[in-house]
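Reader: I want to learn how to read a fold from its coordinates. Where do we start?

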Amino acid sequence: MTYRIEKDILGFVKVPFNKYWGAQTERSRNNFKIGTEASMPIEIIHAFGCLKKAAAHVNFEFGILSKKKKDMISLVCDEIINEKLNDQFPLVIWQTGSGTHTNMNINEVISNRAHVLMGKKLGMSPSFIHPNDDVNMSQSSNDTFSTAMHIASYQKLVKKTIPSIQKLRNSLEEKSKLFHNVIKIGRTHLMDATPITLGQEFSGYVSQIDHGLNAIKKTLDHLSELAIGGTAVGTGLNAPKGFDRKITEYICKLTGFPFKVAQNKFEAISSHDAIVESHSSLKQIAVSLIKISNDIRFLSSGPRSGIGEIHIPENEPGSSIMPGKVNPTQCESIIMVCTQIIGNDMAISMAGSSGNYELNVSKPLMAYNFLQSSQLLSDACISFSSFCVMGIKPNYERIKEFLDKSLMLVTALNTHIGYEKSAEIAKYAYKNNSTLKKEAIRLGYLTVEEFEKFVNPSKMV
């Protein structure tokens, strides 16, 4: 590999000749060789592209950045936003907790790419646009990275995660309506309970998802607050008065989303309660989905030795040794995804508490985990809906068998003959491997006509 020499305040650094990043990016790349998978999420990079473009335009409006520099910065930012420079951002999340290295990675790429677009060669002469003085004008890593986190997280939730969860929710509701007359035995403590319809059971899943979606949407207002304009510690030092409002307005135009100036920039930079709060709602959905997917895999268990009240799609062979075996793989997949999200939430909670005085110093970790959870949840909901929920069918024969054999239908007799006599009927039916009807008649508590009138599952749901 051939190199060029780049300079920063610490001295000279060898940088790969064909890369647009500069000395500070290369230092981080060499000093933080940690892990293999956790690169800075590309959504953060694209959010920075939007942010830097907005900053250039606003700085021009304030008369502190030339039109030519504004135009060149904007041109490169458009390339970043349109994913033409994705390979120029190599840094991992395990870097400085403020995200300064990534902010400088963006600044250096914009500076050097603009240099090339102006017909010059990398490393041959100082760039027309300085990464700190021009690209980072009126900004600090502390407010820019915080802002990029919110832009990326908000966009991911609204454009991808919420619609995907909604799709799963609608699939469950469709099944709930379709199964509204399918009467089956309910279960509490994993034991037989009074009857319920399969549609009612699925309606509980729909309600869980509805509450989770509402929780996510309620967090969007806090998440829409942007720290930009607070610069280093929240005071706005080195930014023109009104910069925060103007740049936020410009970001709204670029993204189409209702971002707003943070109510308190000291809070927005030193803590990330908005990220903690919003991710907690993703965890809520994850908890619900583990319950739902476990129910579905237990209801479909068997096909002959389990509960087997529903059929789920047979998507793949389930065993390398047992011929014909089919497993609830979509249920297992989404359970693992949701377990990961719960783990991410713990990490975000700890990271959110890592604000010391005027700066949170776990920003990259929070951004990475939040965006990973949002993406995983979105993908898993689409997969679970498409390859499992939509194909669920009742096993009518099995449902009827369990319903007819259930001892808990005796509950309907409580108001007619009392709890103790009803319990006696159930006890003898189980002991004698008999039916409730036979034992009620044998004990002389009810006639045939009375039993059939009182014990009617369709009137118990």
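Author: We go from overall shape to cores, then to backbone and single residues. One caution comes before that: this is a predicted model.

Reader: How many helices and strands are there in the protein chain?

Author: The protein chain has 17 helices and ten strands.

Reader: How does the radius of gyration relate to the globule rule?

Author: The idea is to set one number against a rule for the chain length. For 461 residues the globule rule gives 23 Å. The protein chain has a radius of gyration of 30 Å, well over that value, so it is more spread out than a compact globule. The principal axes give the extents: the C-alpha trace spans about 105 × 50 × 35 Å.

Reader: What share of the residues is buried?

Author: Buried residues are 51% of the 461. The exposed surface of the chain is about 21700 Å², and 54% of it comes from carbon and sulfur atoms.

Reader: What share of the contacts joins residues 24 or more positions apart?

Author: Take the contacts with a separation of 6 or more. Of these, 72% link residues 24 or more positions apart.

Reader: And the charges: how far apart are their mean positions?

Author: There are 52 positive and 44 negative charges, and their mean positions are 3 Å apart.

Reader: Now the interior. How many residues does the largest nonpolar core have?

Author: General idea first. Nonpolar side chains tend to be buried together in soluble globular proteins. In this chain the largest nonpolar core has 98 residues. I44, I247, I251, L289 and I296 have the most contacts inside it. Helix α6, residues 141-178, gives this core its largest share, eleven residues. Another core of 16 residues lies apart from it, with L407, I425, L436 and L446 among its members.

Reader: Which residues is I247 in contact with?

Author: Leave out neighbours within four places in sequence. I247 is then in contact with L51, A54, A55, V58 and I228.

Reader: On to the backbone. Where is there a cis peptide bond?

Author: Recall the background. Most peptide bonds are trans, and most residues other than glycine have a negative phi. Here a cis peptide bond joins G302 and P303, with omega about 10°. P303 sits in the loop between α10 (273-299) and β7 (310-311).

Reader: What is the phi of S138, and is S138 buried or exposed?

Author: Phi of S138 is near 70°, which is positive in a residue other than glycine. S138 lies in the loop between α5 (131-135) and α6. Its relative accessible area is 6%, so S138 is buried, the cut-off being under 20%.

Reader: Is N238 buried or exposed?

Author: N238 is exposed, at 69% relative accessibility. It too is not a glycine, and its phi is positive, about 75°. N238 belongs to the loop between β5 (225-226) and α8 (243-255).

Reader: Now loops. Is L91 buried or exposed?

Author: Position in a loop and accessibility are separate readings. L91 is in the loop between α3 (67-81) and α4 (100-117). L91 has a relative accessible area of 2% and is buried. Beyond four places in sequence, L91 touches T25, S28, R29, S39, M40, H101, T102 and N105.

Reader: Where is I129, and which residues does I129 touch?

Author: I129 lies in the loop between α4 and α5. It counts as buried, at 0% relative accessibility. Past four places in sequence, I129 touches K69, M72, I73, S111, A114, D134 and V135. I129 and I110 are 19 residues apart in sequence and 8.3 Å apart in space, C-alpha to C-alpha.

Reader: How do I read separation in sequence against distance in space?

Author: Take C-alpha pairs and read both numbers. T415 and F454 are 39 residues apart along the chain, with 9.6 Å between their C-alpha atoms. M350 and A426 are 76 residues apart in sequence and 52 Å apart in space. L91 and A347 are 256 residues apart in sequence and 20 Å apart in space.

Reader: Which helices hold T415 and M350?

Author: T415 is in helix α14, residues 414-417. It is exposed, with a relative accessible area of 72%. M350 is in helix α11, residues 329-352. M350 is partly exposed, at 48% relative accessibility.

Note on methods:
Residues are numbered from 1 along each chain as its sequence is written. This is a predicted model: local features need pLDDT of at least 70, side-chain atom pairs count only at pLDDT 80 or more; totals for chains, interfaces and linings use all residues. Side-chain values use heavy atoms; hydrogens and water are left out. Helices (H or I, at least four residues) and strands (E, at least two) are DSSP runs, numbered from the N terminus. The radius of gyration is taken over C-alpha atoms; the globule rule is 2.2 Å times the number of residues to the power 0.38. Buried means under 20% relative accessible area, exposed over 50%, partly exposed in between (1.4 Å probe, protein chains only). Contact means heavy atoms within 4.5 Å. Accessible areas come from the Shrake-Rupley method with a 1.4 Å probe; for residues, only the protein chains shown count as cover. Lys and Arg count as positive and Asp and Glu as negative; His and the chain ends are not counted. The place of a charge is taken as NZ of Lys, CZ of Arg, CG of Asp or CD of Glu. A nonpolar core is a set of buried Ala, Val, Leu, Ile, Met, Phe, Trp, Tyr and Cys residues joined through side-chain atoms within 4.5 Å.
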